[in-house]
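Student: Could you pick a spot in this model, take a close look at it, and then walk me through the parts you find worth a stop? Keep it relaxed, please.

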Amino acid sequence: MVSMKKAKLVKFDIPPHILLVVEGLESAGFEAYIVGGCVRDLLLGIEPKDWDVTTNAKPEEVQKLFWDSVYENEFGTVGIKIRNQNADRKEITEVVEVTTYRIESKYSDKRHPDEVKFAKTLSEDLSRRDFTVNALVLKVGKNNELEIIDLYYGQKDLENKLIRAVGDADERFNEDALRMMRAIRFSVTLGFAIEEKTFLAIQKNANNLKHISPERIRDELVKIILSPTPAQGIELLQKAGVLKIILPEIESGMDVMQSHHHYYGPYNTVYKHLVASLEKCPSEKLEVRLAALLHDVGKPKSKRGDGENATFYNHEYIGEQIVKNILERLRFSRCVIDRATLLVRNHMFYYNVDEVGEAGVRRVVQKIGLENINDLIDVRIADRLGSGVPKAIPYKLRHFKFMVEKVSHDPISVKQLKLNGNDLMKELGVEPGPKIGAILAILLSQVIDDPMLNDKEKLIKLAKELVKSNVEDLCRMAEDKIKNEQKKEENLIKKKHKVS
Ligand code: ATP
Ligand code: MG
């Protein structure tokens, strides 16, 4: 029985379907309580994302009472489907998770209990929960009166904004190593500190995160990165000894000094610069925040020379490969990987008023994609502010945005040419083959230089000149065009490397 001394009456709006689930279990003679993150959130005045109910009914007994449910996992959680009764197809609007009281059995592998052991009492169940603020319970009484049950002084920790392990922190992290990342995640999402013994236990056990699946680590990392204070999250992971296990590539920038004017600044190591870039990242998108955090991970490997004059040529390409490896290792989706690597590869893009004309801007848009330009600008802003420069968007960057807008309707792909392969074959009497491809590539390059040329008659006229050359010469011309443009940009970026 739970002692009344630790119980207190409170008032909250609980959704009717949650009350029905609790009532359904209680009227069948079982105990049932609202528990976990939702109680914590209610007490903090945050709307709960999901609701959890804990009970002494076994999963089969829960399923018998609620036929429209699924036995969700090996931990004895039954998901009760809540359907929209007003809609024709009565689609599922929510799944309420009902979990049978459990206690921890032995964890030989630091992540899974060797067997799932059901417990008899609520207090046994609360003892296996991760943090005191997550071990709070709401008991629904007569007339839906709500009473808080708080066996581990979770309310006091809520008041003091503290993440504290339930019971012995060392033991709890030895049972399930992911709890260490959860502690840091709750710390940054709630703005709480981690209680000292709990933090010391993380430092002691951080190595055990090696045994945790990449997907579970990724899910916590994503929540940290999308939190209001992601940079603080990375710093905590570092101080706790977790970063070197999950993202050694970032940790390795700790003793790599930057060059030039960053050399004596507050962000004088690659690590400090990356953390500061994440902190200053203006975007809330996951890929952009990842790119801000990772954009210079190629620097340690590309560094040549020492001191202020060290260089980091090609760090964006080396970095792109490292970022791909990191994100694949953590099982991020293809879409996130592609977008984050694109931003890292292109983060050194060059723009300067009067130096890069409209054609140059069209080439940047062609390479990066119009839909990614704003994200790339956000990475640049993060990079700048994370280097300690005072102004996020200098005139140069505002002008670049203006130029992108200006050229945004200009043709940048073969598909946008006012003449296609079939037109060419008809007009020139050429068979399908590499010659047509080469002519189209040259025409596109000319149109990127001068969009006024994108006119069917003008293009045919140009093509009639081109077709006189043999296929080898045309292919070489097309290739040379591309190489020339690449060289031009490389030189500009090299120049930029020298100053940033
Ligand atoms: P969120 O806001 O992310 O939903 P939450 O606290 O509700 O946070 P969940 O993962 O939904 O977290 O888990 C619900 C509850 O189950 C937690 O509040 C905690 O009591 C318990 N719990 C979840 N994961 C663990 C774990 N790895 N070890 C111990 N208890 C856990
Ligand atoms: Mg939850």
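Tutor: Glutamate 159 belongs to helix H5, which covers residues 154-159. Keep in mind that you're looking at a predicted model. Is glutamate 159 buried or exposed? Glutamate 159 is exposed, since its relative accessible area comes to 67%, and exposed means over 50%. To get a feel for distances, go 50 residues along the chain to leucine 209: the C-alpha atoms of glutamate 159 and leucine 209 are 30 Å apart.

For a contrast, go to serine 69, which sits in strand S4 (residues 69-71). Serine 69 has a relative accessible area of 9%, so it counts as buried; the cut-off for that word is under 20%. A polar atom of the serine 69 side chain lies 2.6 Å from the backbone oxygen of phenylalanine 66. If you skip the neighbours within four places in sequence, serine 69 touches Gln63, Val78, Gly79, Ile80 and Lys81.

Aspartate 68 is in the loop between helix H3 (59-65) and S4. Aspartate 68 is buried too, because its relative accessibility is 15%. The side chain of aspartate 68 makes a polar contact of 2.5 Å with the side chain of arginine 83. With the neighbours within four places set aside again, Gly79, Ile80, Lys81 and Arg83 are the residues in contact with aspartate 68. Gly79, Ile80 and Lys81 turn up for serine 69 as well.

Now for the ligand. Ligand 1 has 16 residues around it, and the ones that come nearest are Arg40, Lys49, Asn134, Arg179 and Arg185. Asparagine 134 uses its backbone: an N or O atom there is 2.9 Å from an oxygen atom of ligand 1. With aspartate 176, an N or O atom in the side chain lies 2.9 Å from a nitrogen atom of ligand 1. Arginine 182 places a polar side-chain atom 3.1 Å from an oxygen atom of ligand 1. Taken alone, ligand 1 would expose 590 Å², and the protein buries 82% of that.

Arg179 and Arg185, from that nearest group, are also buried residues of helix H7. What should the 13 residues of H7 (residues 178-190) span, at 1.5 Å a residue? The expected figure is 18 Å, and the end C-alpha atoms of H7 are 18 Å apart, so the two agree. H7 is mostly covered, with 11 of its 13 residues buried; among them are Leu178, Met180, Ala183, Phe186 and Leu190. After H7 comes glycine 191, whose phi is positive, near 75 degrees.

One more helix to finish: H20, residues 395-407. It passes the span check as well, because its 13 residues should cover 18 Å at 1.5 Å a residue and its end C-alpha atoms are 18 Å apart. Which residues of H20 are buried? They are Leu397, His399, Phe400, Met403, Val404 and Val407. These buried residues cover an arc of only 155 degrees around the axis, so they lie on the same side of H20. Tyr395 and Glu405, on the other side of H20, are exposed. As for what the buried residues of H20 pack against, that's helix H18 (358-368) and helix H19 (373-385).

Key: Residues numbered from 1 in each chain as written. Chains lettered and ligands numbered in written order. Predicted model: local features only at pLDDT ≥ 70, side-chain atom pairs only at ≥ 80, totals over all residues. Heavy atoms only, no water. Helix = DSSP H or I, 4+ residues; strand = E, 2+ residues; numbered from the N terminus. Expected span 1.5 Å × (residues − 1). Buried < 20%, exposed > 50% of the residue type's maximum accessible area, 1.4 Å probe, protein only. Arc of directions from axis to C-beta. Contact = heavy atoms within 4.5 Å. Near = heavy atom within 4 Å. Polar contact = N/O pair within 3.5 Å; in protein donor to acceptor, adjacent residues only side chain to side chain. Areas by Shrake-Rupley, 256 points an atom, 1.4 Å probe, with all protein chains shown as cover.
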